[in-house]
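The following note is offered to a colleague at the bench who wishes to review this structure point by point. Please read it alongside the sequence and the coordinates.

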Amino acid sequence: PAHAQDPDLGRNLAATCANCHGTHGRSFGGNESLAGEPRDTLLRKLNAFISGEKPATIMHQIARGYTPEQLALIAEFFAAQKHSEGAPQ
């Protein structure tokens with residue numbers, strides 16, 4: 001309930017992803033860009049990390065640290081971002 005009142009919660013939660021996936025999900029490094037990816041695709045990948053279906057070095061631990069509602073907010077935030085030119089897709 002309190003989370004629903006914060007219009008910036010998705011952005012704030014997604015900010016924790018910036019170290020590896022770039023600001024607003026626009027990676028220019030070796031990690032996948034998240035900006036502009038469909039919400040359902042991002043949630044599917046996150047759930048695959050959680051279940052162990054998708055191999056990971058750290059994402060399986062990170063994804064398990066969020067509630068399903070928080071993961072949905074993060075995915076919605078990244079889905080709403082535009083791909084950056086030059087960033088890996």
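1. His 24 lies in the loop between H2 and H3. In this predicted model, the phi angle of His 24 is near 55°, a positive value in a residue other than glycine. With a relative accessible area of 33%, His 24 is partly exposed. The residue is also among the contacts of Phe 78, a point taken up again below.

2. As to the overall fold, the chain contains five helices and zero strands. Followed along the sequence, the pattern reads α-α-α-α-α. The chain has 89 residues, of which 36% count as buried. Among contacts with a separation of 6 or more, 64% are between residues 24 or more positions apart. The accessible surface of the chain is about 5,700 Å², and carbon and sulfur atoms supply 54% of that area.

3. Which residues touch the most other members of the largest nonpolar core? They are Leu 46, Ile 74 and Phe 78, in a core of 17 residues. Two or more residues of this core come from each of helix H1 (9-14), H3, helix H4 (59-63) and helix H5 (68-79). H5 gives the largest share, namely five residues.

4. Helix H5 merits a closer look. The helix has 12 residues and spans 16 Å from its first C-alpha to its last, close to the 16 Å expected at 1.5 Å a residue. Its buried residues are Gln 70, Leu 71, Ala 72, Ile 74, Ala 75, Phe 77 and Phe 78. These buried residues pack against H1, H3 and H4. An α-helix has 3.6 residues a turn, so residues three or four places apart point the same way.

5. Phe 78 should be inspected individually. At 3% relative accessibility, Phe 78 is buried, because this value is under the 20% limit. Leaving aside neighbours within four places in sequence, Phe 78 is in contact with Ala 14, Cys 17, His 24, Gly 25, Leu 34, Ala 35, Gly 36, Glu 37 and Leu 42. The loop residue of the opening point, His 24, is thus one of the contacts of this core residue.

6. How many aromatic pairs does the count give? The count comes to one. The pair consists of Phe 77 and Phe 78 in an edge-to-face arrangement, with 5.5 Å centre to centre and 70° between the planes. Phe 77, like its partner, is buried, and its relative accessible area is 15%.

7. A search of the whole structure for salt bridges finds four. One of them joins Asp 8 to Arg 11, with the closest N and O atoms 3.8 Å apart. Asp 8 has a relative accessibility of 33% and counts as partly exposed. Arg 11 is likewise partly exposed, at 39%.

8. A further salt bridge connects Lys 45 with Glu 32, the closest N and O atoms being 2.4 Å apart. This pair links distant parts of the chain: Lys 45 belongs to helix H3 (residues 39-51), whereas Glu 32 sits in the loop between helix H2 (18-21) and H3, 13 residues apart. Both partners are partly exposed, Lys 45 with a relative accessible area of 25% and Glu 32 with one of 30%.

9. The surroundings of Lys 45 may be examined further. Not counting residues up to four places away in sequence, Lys 45 touches Glu 32 and Lys 54. The C-alpha atoms of Lys 45 and Ala 63 are separated by 9.7 Å, and the two residues are 18 residues apart along the chain.

10. The side chains of Arg 39 and Asp 40 also meet in a salt bridge, at 3.1 Å from N to O. Salt bridges with shared partners join Arg 39, Asp 40 and Glu 76 into one network. Arg 39 is partly exposed, with a relative accessible area of 32%. Asp 40, at 48%, is partly exposed rather than exposed, because the exposed class requires a value over 50%.

Key: Residues numbered from 1 in each chain as written. Predicted model: local features only at pLDDT ≥ 70, side-chain atom pairs only at ≥ 80, totals over all residues. Heavy atoms only, no water. Buried < 20%, exposed > 50% of the residue type's maximum accessible area, 1.4 Å probe, protein only. Helix = DSSP H or I, 4+ residues; strand = E, 2+ residues; numbered from the N terminus. Contact = heavy atoms within 4.5 Å. Core = buried A, V, L, I, M, F, W, Y, C linked by side-chain atoms within 4.5 Å. Areas by Shrake-Rupley, 256 points an atom, 1.4 Å probe, with all protein chains shown as cover. Expected span 1.5 Å × (residues − 1). Phe/Tyr/Trp six-rings, centres within 6.5 Å; stacked < 30°, edge-to-face > 60°.
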